[in-house]
Amino acid sequence: MRNITMTGMLAGLVAAGAAQAADVTVKAPRLPPAETSWVPHSGFFVGIGGSANTVDFGTQNVYAVGTSNVFTNGVLTSSGSAAGPATLYPDDRAQIAFSAQGGYFSRFSGSDWLWGAKFGYSYLGTSSNIRAALLPQVGSFTPTGTSTVVPFTGNALVQSYQIHIDHQMTFVPFIGHAFDRGFVYLGAGPTLTRVRTDLNGLIGFADLNGNRTDVSGAPINLTSKSWVLGGAAMVGATYFLDPTWFVDVNYMFAMTENNTANYASPFTNPNGTGGTTNQGTMVGTAAARTQTQAITATINKLF
């Protein structure tokens, strides 16, 4: 009887302990969330690739001035000048170009938003050509020793009017938002573009007494080169292939400021009308804004 009682007591204690153990919840230590984004908090990067570009060379506002002194047997017999504006419309061009970039980005503290800036370079290497461009002019000449002003009309003929664009550099500060495998961004900044304008085969003509007269003689070639400031707006996205390599694709619209090219050249034409010699100058300007649109893709290394 006593053994049965002891056995019952032990069974009761075991059952009570099991019930208490069932009420105890064991909590595992809480671990910090795993880092799933491949976009680092900050970093420098460089990249190379290519771009598809369209170039609008703008409306070319040209103004030409010609002056002339006419000599007969070495004696000045008349002096005159002619001037006038012209508007030329070069065709747009499409071009595939080499592109490179480098920059830096950094997240704002405790945020997926980020800021950065990048420098970009593209070699566009394209041009537009207008053949047989006519620059209308109105002028007059005065025979030596008189006050008689004789009006006339004429034009300057440019056998080939060419405008080129080659190097284009951009500096674009941007702001963006990071995701697990990349970030999107938009920005704006200044540009620097090299533009060249060529006037090949320039000849000045005047309509005198119903006859078209070559005033300047042999064709003249004029060139003007300049680096032109401008501005650009950009929107783009990146995709990280791994934590140190990413692809960047962006669209950019850029426009130069109004650039004025200046030209000047003397001329001597020993074959003037009636055995005369013409000496003078050809002076002019050409002003335009150039616009470019580009879709650029680069592969980039993060440091």
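This report walks through the cavities, one threonine and the aromatic contacts of a predicted model.

## The largest cavity

Let's start with the empty space inside. There are five cavities of 30 Å³ or more, and the largest holds about 190 Å³ of space. It is lined by 17 residues, with Gly-120, Ser-122, Thr-170, Met-234 and Thr-296 closest to its centre.

Where does the lining come from? Strand 4 (93–107), strand 5 (113–143), strand 6 (150–178), strand 10 (245–256) and strand 13 (291–302) each chip in at least two residues. Strand 5 has the largest share, with four residues. As for character, the lining of the largest cavity splits into ten polar, six nonpolar and one charged.

## The second largest cavity

Next comes a cavity of about 100 Å³, the second largest. Its lining has 16 residues, and Ala-64, Leu-199, Leu-202, Val-283 and Gly-284 sit nearest the centre.

Strand 2 (60–72), strand 5, strand 7 (183–208) and strand 12 (277–288) each give at least two residues to this second lining. Strand 2 gives the most, with five residues. Here the lining of the second largest cavity breaks down into twelve nonpolar and four polar residues, with no charged ones.

## A look at Thr-268

Thr-268 belongs to strand 11 (residues 259–269). Its relative accessibility is 49%, so Thr-268 counts as partly exposed; the exposed class only begins over 50%.

Leaving aside residues up to four places away in sequence, Thr-268 touches Ser-216, Thr-277, Asn-278 and Gln-279. Then there's Ala-218: 50 residues from Thr-268 in sequence, yet 8.4 Å away in space, C-alpha to C-alpha.

## Aromatic pairs

The whole structure contains ten aromatic pairs. One of them is Phe-141 with Phe-152, a tilted pair with 6.3 Å between centres and 40 degrees between the planes. Phe-141 is in strand 5 and Phe-152 is in strand 6, so this pair ties together parts that are eleven residues apart in sequence. Phe-141 counts as partly exposed because its relative accessibility is 25%, while Phe-152, at 14%, counts as buried.

Phe-183 and Tyr-185 make a tilted pair too, at 6.0 Å centre to centre and 55 degrees between the planes. Both Phe-183 and Tyr-185 are buried. They also belong to a cluster linked by ring pairs, together with Phe-45, Phe-105, Phe-174, Phe-240 and Phe-246.

## Arginines over rings

Which arginine lies over the face of Trp-38? That's Arg-181, at 3.8 Å from the ring centre. Arg-212 lies over the face of Phe-205, at 4.1 Å from the ring centre.

Conventions
Residues numbered from 1 in each chain as written. Predicted model: local features only at pLDDT ≥ 70, side-chain atom pairs only at ≥ 80, totals over all residues. Heavy atoms only, no water. 1 Å grid on protein atoms, 1.4 Å probe; cavity = no way out; pocket = protein on both sides within 12 Å on 5 of 7 lines; lining within 4 Å. Points joined across faces, edges and corners; volume = space filled by probe spheres on them. Nonpolar A, V, L, I, M, F, W, Y, C, P; charged D, E, K, R; others polar. Buried < 20%, exposed > 50% of the residue type's maximum accessible area, 1.4 Å probe, protein only. Contact = heavy atoms within 4.5 Å. Phe/Tyr/Trp six-rings, centres within 6.5 Å; stacked < 30°, edge-to-face > 60°. Lys NZ or Arg CZ within 6 Å of the ring centre and 35° of its normal.
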